[in-house]
Amino acid sequence: KTIGLHNFKKEMPHLDNIQKKGYVLEFGHLSRDKGTDTLLEVAKKMPNTEFVFIGYGPSVDKMKDIPNVKYLGEELYRIIAEAAISVCPSEWYENCPYSVMESVLLGTPVVGSKMGGIPELIEPGKTGELFEAGNVEELMKAIKKVLQTQDVLERYTKNCSQANYETTESYYIKLMK
């Protein structure tokens with residue numbers, strides 16, 4: 001018998017006075033296999049949308065010549081909370097990425113690829129959207145769907161506060177069984 005156990009949620013800082021700033025965010029390891037290069041192609045096709053990247057990896061060098069792309073490395077949780085959406089464009093089999101859980105727990109909807117455990121953490125039409133990994137057009141369509149109106153973004157953001165991830169206690173109980 002197999003039971004799936006997601007990572008448990010971490011204690012997140014309480015952040016006061018969060019104002020969504022309209023940018024699209026990816027954070028963590030920034031590389032082709034994590035889907036960063038695909039997201040950079042989307043950024044080129046959406047020049048009026050700001051894309052923010054935080055982390056490290058070989059794709060950082062590819063960001064320099066894209067005017068609507070910013071590479072940052074400060075106040076990670078505040079930047080996540082202030083993003084309109086977060087993107088997890090991975091093109092390899094993520095198990096249970098904390099970047100998705102942290103985004104949702106901080107009230108930021110996620111657009112994620114249909115790879116590995118990512119779809120198990122996002123409720124399409126509620127806390128984010130899913131797309132076929134590596135597909136520039138589908139990723140762009142998913143981003144636009146969330147950003148299309150303030151009402152949609154506000155509804156997704158509100159739904160994130162109701163996300164139900166494992167706690168350390170519930171994780172322990174399931175693990176011990």
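Exposed here means over 50% relative accessible area, and buried means under 20%. The views below are taken from a predicted model.

**View 1. Lys64 and Asp61 form a salt bridge between exposed residues**. Lys64 has a relative accessible area of 64% and is therefore exposed. Its partner Asp61, at 54% relative accessibility, also counts as exposed. The closest N and O atoms of the pair are 3.6 Å apart. A search of the whole structure gives 12 salt bridges, and this pair is one of them.

**View 2. Lys114 and Glu132 link two loops**. The salt bridge between Lys114 and Glu132 has its closest N and O atoms 3.5 Å apart. Lys114 lies in the loop between strand S5 (110-113) and helix H4 (118-121), and Glu132 in the loop between strand S6 (128-131) and H5, so the bridge ties together parts that are 18 residues apart in sequence. Both residues are partly exposed: Lys114 has a relative accessibility of 40%, and Glu132 one of 38%.

**View 3. Glu166 and Lys174 meet in a salt bridge**. The N to O distance between the two side chains is 2.6 Å. Glu166 is buried, at 12% relative accessible area, whereas Lys174 is partly exposed, at 42%. Elsewhere, salt bridges with shared partners join Lys21, Arg78 and Glu82 into one network.

**View 4. Six strands form an open, parallel sheet**. The strand order is S3-S2-S1-S4-S5-S6. S3 and S6 are the edge strands and have a single partner strand each, so one side of each lacks a neighbour in the sheet. From one strand to the next, the twist averages 25°. Helix H5 packs on the sheet and touches S1, S2, S4, S5 and S6. The direction of H5 makes about 170° with that of S6.

**View 5. Strand pairing at the two edges of the sheet**. At one edge, S2 and S3 are paired in the parallel sense over four bridges. Phe51 stands opposite Val69 of S3. At the other edge, S5 and S6 also pair in the parallel sense, over four bridges. Gly112 stands opposite Leu130 of S6. S6 is covered on both faces, with Gly128 and Leu130 buried on one side and Glu129 and Phe131 buried on the other.

**View 6. Helix H1 is largely enclosed by the rest of the structure**. H1 spans residues 36-45, and seven of its 10 residues are buried. The buried residues are Thr36, Asp37, Thr38, Leu39, Leu40, Val42 and Ala43. They pack against four strands of the sheet, S1 (24-29), S2 (51-56), S3 (69-72) and S4 (85-88), and against helix H5 (136-147).

**View 7. Ser86 is a buried residue of strand S4**. The relative accessible area of Ser86 is 2%. Leaving aside residues up to four places away in sequence, Ser86 touches Leu25, Phe27, Ser103, Thr108, Pro109, Val110 and Val111.

**View 8. The largest pocket is lined by 14 residues**. About 200 Å³ of space lies within the pocket. Phe27, Gly28, His29, Lys34 and Ser99 are the lining residues nearest its centre. S1, S4 and helix H3 (98-105) are the elements that each give two or more residues to the lining. The largest share, four residues, is from S1.

**View 9. Tyr77 of helix H2 is partly exposed**. H2 comprises residues 76-82, and Tyr77 has a relative accessible area of 26%. Beyond residues up to four places away in sequence, Tyr77 touches Lys10, Met12, Pro13, Leu15, Glu102 and Leu106. Tyr77 and Met12 are 65 residues apart in sequence, and their C-alpha atoms are 8.2 Å apart in space.

Conventions:
Residues are numbered from 1 along each chain as its sequence is written. This is a predicted model: local features need pLDDT of at least 70, side-chain atom pairs count only at pLDDT 80 or more; totals for chains, interfaces and linings use all residues. Side-chain values use heavy atoms; hydrogens and water are left out. Buried means under 20% relative accessible area, exposed over 50%, partly exposed in between (1.4 Å probe, protein chains only). Contact means heavy atoms within 4.5 Å. A salt bridge is a side-chain nitrogen of Lys or Arg within 4 Å of a carboxyl oxygen of Asp or Glu. Two strands pair if DSSP finds at least two bridges between them. Axes are lines fitted to C-alpha atoms, for helices over the stretch in contact, and angles run from 0 to 180 degrees between N-to-C directions. On a 1 Å grid over the protein atoms alone, a cavity is a set of points where a 1.4 Å probe fits but cannot get out, and a pocket is an open set with protein on both sides within 12 Å along at least five of seven lines; lining residues have an atom within 4 Å of a point. Grid points are joined across faces, edges and corners, and a volume is the space filled by probe spheres set on the points.
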